[in-house]
Amino acid sequence: MARPRIKDVARHAGVSEKTVSNVINDYAHVSDRTRQVVREAIEHLGYRVNLAGRHLRKGRTGIIALVVPELDVPYFAELARHVIREAEERSLTVLIHQSGADRAHELAALAGFGSAFVDGIILSPLALTADDLRDRAGFPPTVLLGELLEEGADHVAIDNEGAAREATRHLIGLGRRTILAVGGRDDAGMGTAQARTRGYRAALAEAGIAYDPAALLPVDSFRMPDGARAVARALSRGARPDALLCLNDQLALGALRALHEHGVRVPEDVAVIGFDDVEGGRFSVPTLSTVAPDKAAVARVAVRLLQHRIEEAAAPDGTGSQAQAPRDLVVDHRLVLRESTEGSERR
C-alpha cells in the first residue's frame, strides 16, 4: 500500500493541501474545527510528516552532530541520551561521533566533517586550542561543552571551579586535612581538570591548609584503572590521605578499589568524592558521593542554543550564525552525599 501523502489527507478532510500544511506546522489562523478534521484524517490514514523534505525545503538536513571524546565513558553516554531526547522533541536527528580526544578528529568535526550533511555541532573538545576556534568562517554553527577555550564560541558548562571548591569544602568540613586530588592538573591549561584543580586549591587556601603539589595524583586518562593505579602508587609511596577529591566518578570508582585492596576503610579512614553522578556510583560499595551536573539541563540548553544558531545561519538577511554575540551559559550542579563521605566526620 502506497504511503499516504498530503493530497490524500486533504481529499479525505475536504480541505486544501495548504490547509493541511498549516495544521501540520501548527499555524494559528486555522479554526479549531478545521484543525480537528485534518488531524482526524491524518490519524485515519496513518500519514507521517516527511521531515527530510521539510528540512531540505528550509536548506537544512535536520541532522546535528554530538562529538564527544569517548562514547564508553558513562558521563558522555548519559549526556548523549539527554541530547538525543532533546533533539527528538525538535524533529532533529543526532549523529554521534567519537573524537578520541584527537585534535585532527576534533578539527574535522568543527569543519562539519568536510561536507554539508550536518546543520550544527555540539562539541566537547579536549585537544583543540583557542586558535583552532578563532577562524571559523563557513563552518557550521557550533556549541562547545566543558571549559571555555575561546570567548568567540557559544559554550555550555557547569561551574567546574566552583563545584570543586564546594566538594573540597565539604571534605574539609568533615575534619579532613590531607586531601589528595586524583587526576589533578596544576598547569596553565584551560581544561576541566585544571578548573577543578583551581577550585580544590582555593578551598584549601580558604581553610588555611598548605597546598602540596605532591597531593595531585596525575592520570593518563579518566577511567577506573587510572584512578586505581594512581591511588595504589600513592599508598605504596607512603601517602596517608584522609580524603580523596576525584575529578570524575570513574577515577573515584577505581580509587575505591585500590583503597579496598590496601585495607583502607571508606569513609572511616578516607572519605571519597567524585564528579558526574554516573549510575555506577549509586551501586558501588560504598555508594559514591559526587558532584552532580544537571546533564539534562546541559543537553537542553545546548540543543536549544544550537537550534537558534542554525536558524540564524539560515536567515534570509544573511546575517549568519555569528551575528549575535556568543553566549557562555552555566547550568546548575549539586553535591550528592552518599556513603563514601557520610558519617565520616573527624573532630
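Is Thr 341 buried or exposed? Keep that residue in mind while we walk through the model, which is a predicted one. We'll start with the sheets, move on to the helices and cores, and then come back to Thr 341 with its surroundings in view.

Let's begin with a sheet made of 6 strands. This sheet is open, its strands follow the order 2-1-3-4-5-11, and the pairing is parallel. Strand 2 (93-98) and strand 11 (328-330) sit at the edges, each pairing on one side only. On average, neighbouring strands here are turned by 20 degrees against each other, if you ignore direction. What holds strands together in a sheet? Strands pair through backbone hydrogen bonds, and they can do so in a parallel or an antiparallel way.

Now zoom in on a few of those pairs. Strand 1 (residues 63-68) and strand 3 (residues 120-123) run parallel and are joined by 4 bridges. You can find Val 67 standing opposite Leu 123 of strand 3. Further along, strand 4 and strand 5 also run parallel, with 3 bridges between them; there, Leu 145 stands opposite Val 156 in strand 5. Strand 5 then joins strand 11 through 3 bridges, again running parallel, and Ala 157 faces Val 330 in strand 11.

Strand 5 (residues 154-157) deserves a second look, since both of its faces are covered. Asp 154 and Val 156 point to one side, His 155 and Ala 157 to the other, and all of them are buried.

What packs on this sheet? Helix 5 (residues 74-88) does, touching strand 1, strand 2, strand 3 and strand 4 (142-145), with its direction at about 160 degrees to that of strand 2. Helix 6 (residues 103-110) lies across strand 1, strand 2, strand 3 and strand 4 too, running at about 145 degrees to strand 3.

Helix 6 is a nice one to study from end to end. At its start, a side-chain oxygen of Asp 102 comes within 3.1 Å of the backbone nitrogen of Ala 104. Which of its residues are buried? They are Glu 106, Ala 109 and Leu 110. If you look down the axis of helix 6, these buried residues fall within an arc of 100 degrees, so they line one face of the helix. They pack against strand 1, strand 3, strand 4 and helix 7 (130-134). Just after the helix, Gly 112 takes a positive phi of about 80 degrees.

Time for the other sheet. Here 6 strands form an open sheet in the order 7-6-8-9-10-12, and the pairing is mixed. Its edge strands are strand 7 (216-217) and strand 12, each pairing on one side only. Strand 6 and strand 7 run parallel and share 2 bridges, with Val 182 having Leu 217 in strand 7 as its bridge partner. Helix 9 (residues 192-206) lies across strand 6, strand 7, strand 8 (243-246) and strand 9 (271-275), at about 175 degrees to strand 6.

Next, the cores. In soluble globular proteins, nonpolar side chains tend to be buried together. In this model, the largest nonpolar core has 71 residues, and Ile 122, Val 182, Val 231, Leu 244, Leu 245, Leu 259 and Val 272 have the most contacts inside it. Helix 12 (residues 295-313) gives this core its largest share, 8 residues. Another core, of 11 residues, lies apart from it and includes Ala 65, Ile 121, Leu 133 and Leu 144.

Pick out Val 272 from the larger core. Leaving out residues up to four places away in sequence, the residues that Val 272 touches include Leu 244, Leu 259, Ser 289 and Thr 341.

That brings us back to the opening question. Thr 341 is found in the segment after strand 12 (333-336), and it counts as buried because its relative accessibility is 0%. Its side chain makes a polar contact of 2.6 Å with that of Ser 289. Beyond four places in sequence, its contacts include His 170, Leu 171, Leu 174, Pro 267 and Val 272.

For contrast, find Gly 175 in the loop between helix 8 (160-173) and strand 6 (179-182). Gly 175 is partly exposed, because its relative accessible area is 22%. From Gly 175 to Asp 242 it is 67 residues in sequence, but 9.0 Å in space, C-alpha to C-alpha.

Terms used. Residues are numbered from 1 along each chain as its sequence is written. This is a predicted model: local features need pLDDT of at least 70, side-chain atom pairs count only at pLDDT 80 or more; totals for chains, interfaces and linings use all residues. Side-chain values use heavy atoms; hydrogens and water are left out. Two strands pair if DSSP finds at least two bridges between them. Axes are lines fitted to C-alpha atoms, for helices over the stretch in contact, and angles run from 0 to 180 degrees between N-to-C directions. Contact means heavy atoms within 4.5 Å. Buried means under 20% relative accessible area, exposed over 50%, partly exposed in between (1.4 Å probe, protein chains only). The arc is that of the directions from the helix axis to the C-beta atoms. A polar contact is a pair of N or O atoms within 3.5 Å; within protein, one must be able to donate a hydrogen and the other to accept it, and residues adjacent in sequence count only if both atoms are side-chain atoms. A nonpolar core is a set of buried Ala, Val, Leu, Ile, Met, Phe, Trp, Tyr and Cys residues joined through side-chain atoms within 4.5 Å.
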